[in-house]
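Subject: Structure for you to look at, with notes on pockets and domains

Dear colleague,

I am passing on the structure we spoke about, with the sequence alongside. Please have a look at it first, and then read the notes below.

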Amino acid sequence: MPLTSEPLDRWAWVEIDLNAVRKNTRAIKGLLRRGTRLMCAVKADGYGHGAIECTKAMHSAGADQFAVATVAEGVELRQAGIEWPILMLNQAPETAIDTLVAYDIMPAVFTTEFALAYGERAAAAGKVGRYHMAIDTGMTRIGVLPDDAVEFRRFIDFHRGLSCAGTFTHFATADVIQDWDFKLQAKRFMDTVAALRDAGCDVGLVHCDNTPGTILHPELHNDMCRAGIGLYGLQPAESTAPRISLEPAMSVRTRITRAVNPAVGEGVSYGLNYRVPTPHIQIATIPIGYADGLSRSLSGRMDVLVHGQRARQVGNICMDQCMFAVDTNPARSYHRATPVAEGDLVTIIGEDGDERITADEMAQLRGTINYEVTCNFGMRMEKVYV
Ligand SMILES: *Cc1c(COP(=O)(O)O)cnc(C)c1O
């Protein structure tokens, strides 16, 4: 029996609970003082959750601004009719500047060449190019170094096509409690902002806290917080879990396309690394693979949920499909699974009955973080919003 929300053309999909997104957004906004803005990171298609739908849900729950990683991501939001401020968290090639100007996407800025080219193109279009100045306070990724910040602004501020709408930095260790490196980054940032103000520069909105920073470091909320992962209901680290309750918004589901009872000794998938060890093992096939974000490194090490019970995935995960084993041996009084059949619902991430598989469980098995797990599931599967 198909769920009303599932796609008609594929037995593998991503389910997004927009109520959870709204709840998480309200929970994070609720940490801020009145008047402090919330910028929501919806880069990488909303961490795999769908940027357009999530942007609308977050705005309805109190989000003020949005952040993307690429020009195309910003354009996608604009073409969907989203009119709220959008910051691109990086510079772009100069060949993209006209697009930034046309779609009113604010770039992060950290080289004078880019800043002046942006100012030129904005002025040529009869606009003022609003930008946020990025400061590298210690992550060594992007930004103007603190010692160069005032000089940087003196060099570009003559330009009438430019207007500084914000000044920000990004923390490398905001999730670590009482971390000396974090404190150093915070001090460098606040000192740089003070120096810019002393030099008479308009710094615009001052912002630095990401999700862990927003939760653990309210003293650094400044004018705006930039949250990402928490909005999707995932904890950025163990350190934040006791401080805020969040609801995961993504589930990943599939249906069994085939279930068979091979003889003992038969092999499964490329390489035949798994061989049926005992009688009464069902091998079920599901149409999800590494091209859908189910990393091949999980082969033979992950569980799926079926009929509210765990079953072990077996054999190598293929590009578009994989298999799992269900032990239906009637002699087993314990750990015996109900037989499965074509069309049965299988949960890769999410709840089924009393069981649950989280993005954190999968991240741990993969040796990565929950961020990468949800981003990857955004690659190919259709998203359905519930
Ligand atoms: C992705 C990103 C964020 C959001 O980070 P979370 O850890 O997901 O809250 C904030 N700021 C910058 C610059 C980012 O790249």
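Strand 1 (12-16), strand 10 (250-255), strand 18 (345-352), strand 19 (355-357) and helix 11 each contribute at least two residues to the lining of the second largest pocket. Please keep in mind throughout that this is a predicted model. That pocket, the second largest, has a volume of about 310 Å³, and of the 23 residues that line it, P248, A249, M250, S251 and G350 are the ones nearest its centre. Sorted by class, its lining comprises 12 nonpolar, five polar and six charged residues.

The largest pocket has a volume of about 950 Å³. Its lining is made up of 44 residues, and those that lie nearest the centre are H170, N210, P236, I369 and Y371. The elements that give two or more residues to this lining include helix 2 (43-47), strand 3 (65-68), strand 6 (129-135) and strand 7 (162-169), as well as helix 9 (211-216), strand 9 (224-227), helix 10 (359-366) and helix 11 (370-377). Helix 10 gives the most, with three residues. As for the chemical character of the lining of the largest pocket, 23 residues are nonpolar, 14 are polar and seven are charged.

Where does the largest pocket lie with respect to the domains? The domain assignment divides the chain into domain 1 (19-232) and domain 2 (250-385), and because both domains give residues to the lining of the largest pocket, this pocket lies between them.

The two domains also touch one another directly. The C-alpha centres of domain 1 and domain 2 are 39 Å apart, and eight residues of domain 1 are in contact with eight residues of domain 2. The size of an interface is often expressed as the accessible area that is lost when the parts come together. For domain 1 and domain 2 the buried area is about 760 Å², with carbon and sulfur atoms giving 65% of this.

How many salt bridges are found across the interface of domain 1 and domain 2? The rule finds one. In the model, the side chains of D45 and K383 form a salt bridge, with a distance of 3.0 Å from N to O; D45 falls within the bounds of domain 1 (19-232) and K383 within those of domain 2 (250-385).

With best wishes

Notes:
Residues numbered from 1 in each chain as written. Predicted model: local features only at pLDDT ≥ 70, side-chain atom pairs only at ≥ 80, totals over all residues. Heavy atoms only, no water. 1 Å grid on protein atoms, 1.4 Å probe; cavity = no way out; pocket = protein on both sides within 12 Å on 5 of 7 lines; lining within 4 Å. Points joined across faces, edges and corners; volume = space filled by probe spheres on them. Helix = DSSP H or I, 4+ residues; strand = E, 2+ residues; numbered from the N terminus. Nonpolar A, V, L, I, M, F, W, Y, C, P; charged D, E, K, R; others polar. Domains from an automatic or database assignment. Contact = heavy atoms within 4.5 Å. Buried area = accessible area lost by both parts, 1.4 Å probe. Salt bridge = Lys/Arg side-chain N within 4 Å of Asp/Glu carboxyl O.
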